[in-house]
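User: Could you take a close look at one part of this model for me? I'd like one strand and the stretch of chain that follows.

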Amino acid sequence: MKKPLFIGSAVAIVTPFTDNGVNYQTLKELIEFQIKGGSDAIVICGTTGEASTMPDDEHIAVIKFAVEAINKRVPVIAGTGSNDTRHAIELSKAAEDVGADGILSVTPYYNKATQKGLYEHFKVIANNVKIPLVLYNVPSRTNLNINPETVKALSQIDNIIAIKECNLGQVGDVVNLCGEDFAVYSGDDNTVLPMLSLGGKGVISVMANIIPQETHNMVERFFQGDTKGAIKLQLQTLNLIKALFSEVNPIPIKAAVNLLGFEAGHCRMPLTEISESNLELLRIEMKAYGLL
């Protein structure tokens, strides 16, 4: 039986940048904020962490730093996806070498792939590492979907243990096909409870960057049988989530982390600064939520 890397809330943590590189002091502060706030795992160098703008040496250095700073207190899941299979293998092996507990691997973007190609892509990555692999299905960013039947085939590979799923419409089929020991995590903050109700094991969350305790509590209450309490927490987040996704992620969440007082810096180009109108909306919703 496959053991999930985590049950609950994993934060897709932002990467704080300076004009010259990574602000490791702030990254350390953010990691401590997350662990204190109850996050059950930390995803480093994912989409929210702007991994696509990181050269490989910086990418691996950030993973290594996170592994050492977290020091086994919670699992570290490293984003190592690429649309170049060889590159994804190299990043995944490097993440394993520096101590990551698992890897998150996104569907190949731009060049896309057939379902057979997707199977072979993820299979060869998994075969080149010993640590667990979490599939990442996000059709809105990649214009490509891992079909449930392909997820089932991949789930039969020993160290492919979970999927971060952003296609709510197929979650039931994935759960039915793959069974209880293959973990399904919500990839969207506004559908955590629907995903859990269909058999999900938790969320890989953007909003947890600023509300880690509440995101953890939402999932915990559901699994403790307090469905009404969990739903209440989900409903309370919806206006905040709208503000956090008023522009492409991670533009608003990075602005929100800065508003909390952390020196997270700017997003790297081609992402730009949040507009004044959306920044004001973010301030309003963060104040309404009691964060400011």
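Here is a walk along that part, strand to loop to helix.

Analyst: Sure. Keep in mind that this is a predicted model. Let's start with strand β1, residues 8-12. That strand is mostly covered, with 5 of its 5 residues buried.

Now for the neighbours. On one hand there's β8, residues 202-205, which runs parallel to β1 and is joined to it by 4 bridges. If you want a spot to look at in that pairing, take valine 11, whose bridge partner in β8 is serine 205. Then there's β2, residues 41-44, which also pairs with β1 in the parallel sense, over 3 bridges. Here you can pick out alanine 12, bridged to valine 43 in β2. To get from β1 to β2, the chain passes through helix α1, residues 24-36, and this β-α-β crossover is right-handed.

On the way into that helix, have a look at valine 22, which sits in the loop between β1 and α1. Is valine 22 buried or exposed? Its relative accessibility is 13%, so valine 22 counts as buried, given that the cut-off for buried is under 20%.

What does valine 22 touch, leaving out residues up to four places away in sequence? Thr15, Pro16 and Phe17 are on the list, along with Glu58 and Val62. For a sense of distance, try histidine 59: valine 22 is 37 residues from histidine 59 in sequence, and their C-alpha atoms are 9.9 Å apart in space.

Key:
Residues are numbered from 1 along each chain as its sequence is written. This is a predicted model: local features need pLDDT of at least 70, side-chain atom pairs count only at pLDDT 80 or more; totals for chains, interfaces and linings use all residues. Side-chain values use heavy atoms; hydrogens and water are left out. Buried means under 20% relative accessible area, exposed over 50%, partly exposed in between (1.4 Å probe, protein chains only). Helices (H or I, at least four residues) and strands (E, at least two) are DSSP runs, numbered from the N terminus. Two strands pair if DSSP finds at least two bridges between them. A crossover is right-handed if, with the strands pointing away from the viewer, the path from the first strand over the helix to the second runs clockwise. Contact means heavy atoms within 4.5 Å.
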